Amino acid sequence: MVFPVTRMRRYRKNSKIRDIVRETKLDKEDLIYPIFFKEELQGDEKEPIESMPGEYRYSLNAGIEFAKQLEEKGLKSIIVFGVPLPESKDEVASPDYSSTGIVQRAIRELKKQTDLVVIGDVCLCQYTSHGHCGLIKENDDTDDGVEILNDESLEYLAKVAVSYAKAGVDIVAPSDMMDGRVDAIRTALDENGFYNVMIMSYSAKYASAFYEPFRAAADSSPTHGNRKSYQMDPANALEAIRECELDVIEGADFLMVKPALPYLDIIKTIREEFTLPLVSYNVSGEYSMIMAAIEKGFLTENAILESLISIKRAGSDLIITNFASYVLLNDLL
Ligand code: PBG
Ligand code: ZN
């Protein structure tokens with residue numbers, strides 16, 4: 001009996017063999033943790049995010065302490081999101097580029113108190129009274145009667161990026177999807193002497209239903225209309241290549257695909273077409289689906305590493321994920 005000569009199961013005989021033939025590895029360095037700093041919270045306060053089981057919004061102090069705890073567990077980088085005072089929001093996102101804004105303060109403390117690579121998400125939506133990622137004006141020729149102004153928004157996004165740079169940020173990550181924002185931000189950073197601040201562009205960011213838990217967490221839903229006139233149509237793949245090409249031309253240092261799991265094909269395509277470090281954003285909805293199922297006993301926590309490894313296998317170098325804290329604190333890696 002010689003059949004079968006080639007037996008694939010030899011590779012799977014035990015964990016030692018499986019370990020040495022494993023093609024894709026997930027390391028602690030691959031994970032970027034998104035953290036929410038909420039201006040309203042004082043002292044050591046933190047509040048649970050209902051839409052994201054296990055996740056919290058932090059006061060400045062509580063968030064810094066949590067970041068230190070994750071750093072001790074092997075975290076290398078963190079992306080900062082701000083939840084400003086609701087009454088401070090206005091039409092032009094003023095609290096977003098204030099030197100004493102919640103994100104600017106968090107960046108300063110993280111740089112002072114940790115060795116983490118500090119990334120700042122650059123967008124207007126948490127700070128505008130209307131919740132859009134850019135400035136708006138009425139326009140009947142749109143789905144909702146409101147136009148999200150492109151060129152006018154660039155100036156404000158650039159101001160945000162420069163204010164983060166002044167606070168000491170390592171990388172700015174524009175998530176607004178306005179055309180030309182990478183160029184506008186690169187130019188403004190360079191003019192202010194911040195030529196070493198990197199740009200991690202949300203290059204192919206889709207208009208996704210999977211952001212809903214984040215918007216509830218960050219109080220950043222648009223008050224009217226949706227984001228379909230600036231974020232990408234989920235049906236489009238070739239367009240993702242054009243978005244990335246433009247970001248490369250404009251001077252991006254990292255490319256990003258967002259969300260991750262429903263867009264693994266896009267991650268693979270961008271990996272094959274470009275040579276820049278590639279980031280994937282495993283978004284709030286992807287996190288909450290799995291965490292809710294684990295809480296109900298429908299899934300085990302093995303689903304977490306399986307989904308993260310799939311994102312790496314598709315070709316991503318780095319993964320922004322709320323699972324970073326769960327994975328590190330529970331020693332899953
Ligand atoms: C804001 C922003 C969003 C996310 C990151 N930055 C939401 C949105 O575009 O509405 C989503 C992150 C997540 O869902 O985890 N521009
Ligand atoms: Zn936004």
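Where does ligand 1 sit? In this predicted model, ligand 1 sits in the largest cavity. A cavity here is a set of points, on a 1 Å grid over the protein atoms alone, where a 1.4 Å probe fits but cannot get out, and a molecule sits in one if more than half of its atoms lie within 2 Å of its grid points. Local features need pLDDT of at least 70 and side-chain atom pairs count only at pLDDT 80 or more, whereas totals for chains, interfaces and linings use all residues. Residues are numbered from 1 along each chain, chains are lettered from A and ligands numbered from 1 as written, and side-chain values use heavy atoms, without hydrogens and water.

Around ligand 1 there are 17 residues (a heavy atom within 4 Å), and Lys205, Arg215, Arg227, Lys258 and Ser284 come nearest. Polar contacts (pairs of N or O atoms within 3.5 Å) reach oxygen atoms of ligand 1 from the side chains of Arg215 at 2.6 Å, Ser284 at 2.7 Å and Arg227 at 2.9 Å. Taken alone, ligand 1 exposes 400 Å², and the protein buries 100% of that (Shrake-Rupley method, 1.4 Å probe).

Now to the metal. The zinc ion (ligand 2) has as protein donors the SG atoms of Cys123, Cys125 and Cys133, at 2.2 to 2.3 Å; donors are N, O and S atoms within 2.8 Å of the metal (3.2 Å for Na, K and Ca). Along the chain, the donors of this zinc ion follow the spacing C-x1-C-x7-C. The arrangement is tetrahedral because the 4 donor atoms subtend angles of 97 to 121°, and four donors count as tetrahedral if all angles lie between 85 and 135 degrees.

Definitions and conventions
Polar contact = N/O pair within 3.5 Å; in protein donor to acceptor, adjacent residues only side chain to side chain. 1 Å grid on protein atoms, 1.4 Å probe; cavity = no way out; pocket = protein on both sides within 12 Å on 5 of 7 lines; lining within 4 Å. Tetrahedral: all angles 85-135°; square planar, octahedral: opposite > 155°, others 65-115°.
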